[in-house]
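Q: I should like to learn how to read the features of a protein model, one at a time. Could the teacher guide me through some of them?

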Amino acid sequence: MPGKLILQYLARIKNLISAGKWTLIPRKKNLDSLSNNGLTIQDVKNELLSLSLSDYQNGPVPDYSYSGDVWIFERHINGTAYYIKLKIDVTKDGVEILKCLSFHEEEM
């Protein structure tokens, strides 16, 4: 994947986050991971805003559950690798929103 495309995607998601147009999907795995590691939603937001080219793992790849594509990142927080899966979706009102589908410890 060319770095330019990844950087464009990162700029796009950071704009959505800064505009308050993002959500962490409250899956048990995500919430347990935050709770077990003393992280907050604000910490998730800060980590997403800090994503860089070096955190990129894969994407865009098809979202097999729904339409559209997902992007995968890995970020190290306090010595722990976190798996981060992101998707830009469009609401029924036509507004773009970033969905953080996964934010949990990397599975070995």
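The dialogue below takes up salt bridges, burial, backbone geometry and a pocket.

A: Please keep in mind from the start that this is a predicted model.

Q: What is the general idea of a salt bridge, and how many salt bridges does the count come to here?

A: Side chains of opposite charge can pair when their charged atoms come close. In this model the count comes to seven salt bridges.

Q: Which residue meets Arg 12 in a salt bridge?

A: The partner of Arg 12 is Glu 96, with 2.4 Å from N to O. Arg 12 belongs to helix α1 (residues 3-18) and Glu 96 to strand β5, so this pair ties together parts that are 84 residues apart in sequence.

Q: Are Arg 12 and Glu 96 buried or exposed?

A: A relative accessible area under 20% means buried, and one over 50% means exposed; values in between are called partly exposed. Arg 12 has 39% and is therefore partly exposed. Glu 96, at 30%, is also partly exposed.

Q: Which residue forms a salt bridge with Lys 29, and where do the two partners lie?

A: Lys 29 pairs with Glu 107, and their closest N and O atoms are 2.0 Å apart. Glu 107 lies in the segment after β5, whereas Lys 29 is in helix α2 (residues 28-36), so parts 78 residues apart in sequence are tied together. Lys 29 has a relative accessible area of 43%, so it counts as partly exposed.

Q: Which residues are linked in a network of salt bridges?

A: The network links Glu 47, Asp 55 and Arg 75. Within it, the side chains of Arg 75 and Asp 55 meet at 3.0 Å, N to O. This pair links distant parts of the chain, 20 residues apart: Arg 75 is in strand β3 (residues 69-77), and Asp 55 is in the loop between α3 (41-49) and β2.

Q: Are Arg 75 and Asp 55 buried or exposed?

A: Arg 75 is buried, at 17% relative accessibility. Asp 55 is buried as well, at 8%.

Q: What is Asp 55 in contact with, leaving aside its neighbours within four places in sequence?

A: With those neighbours left aside, Asp 55 is in contact with Ser 50, Ile 72, Phe 73, Glu 74 and Arg 75.

Q: I should now like to turn to the backbone. Which peptide bond is described as cis?

A: To read a peptide bond, one looks at the angle omega. The bond from Gly 59 to Pro 60 is cis, with omega near 0 degrees. Pro 60 lies in strand β2.

Q: What is the sign of phi at Asn 78, and where is this residue found?

A: Phi of Asn 78 is positive, near 50 degrees, in a residue other than glycine. Asn 78 is found in the loop between β3 and β4. With a relative accessible area of 72%, Asn 78 is exposed.

Q: How should I read a pocket, and what is the volume of the largest pocket?

A: One may ask for its volume, then its lining. The largest pocket has a volume of about 250 Å³. It is lined by 14 residues, of which Arg 27, Asp 63, Ser 65, Tyr 66 and Leu 101 are the closest to its centre. Elements that give two or more residues to this lining are β2 (56-62), β4 (80-90) and β5 (96-105). The most comes from β4, with three residues.

Q: How do the residues of this lining divide by kind?

A: Seven are nonpolar, one is polar and six are charged.

Key: Residues are numbered from 1 along each chain as its sequence is written. This is a predicted model: local features need pLDDT of at least 70, side-chain atom pairs count only at pLDDT 80 or more; totals for chains, interfaces and linings use all residues. Side-chain values use heavy atoms; hydrogens and water are left out. On a 1 Å grid over the protein atoms alone, a cavity is a set of points where a 1.4 Å probe fits but cannot get out, and a pocket is an open set with protein on both sides within 12 Å along at least five of seven lines; lining residues have an atom within 4 Å of a point. Grid points are joined across faces, edges and corners, and a volume is the space filled by probe spheres set on the points. Helices (H or I, at least four residues) and strands (E, at least two) are DSSP runs, numbered from the N terminus. Ala, Val, Leu, Ile, Met, Phe, Trp, Tyr, Cys and Pro count as nonpolar, Asp, Glu, Lys and Arg as charged, and the others, Gly among them, as polar. A salt bridge is a side-chain nitrogen of Lys or Arg within 4 Å of a carboxyl oxygen of Asp or Glu. Buried means under 20% relative accessible area, exposed over 50%, partly exposed in between (1.4 Å probe, protein chains only). Contact means heavy atoms within 4.5 Å.
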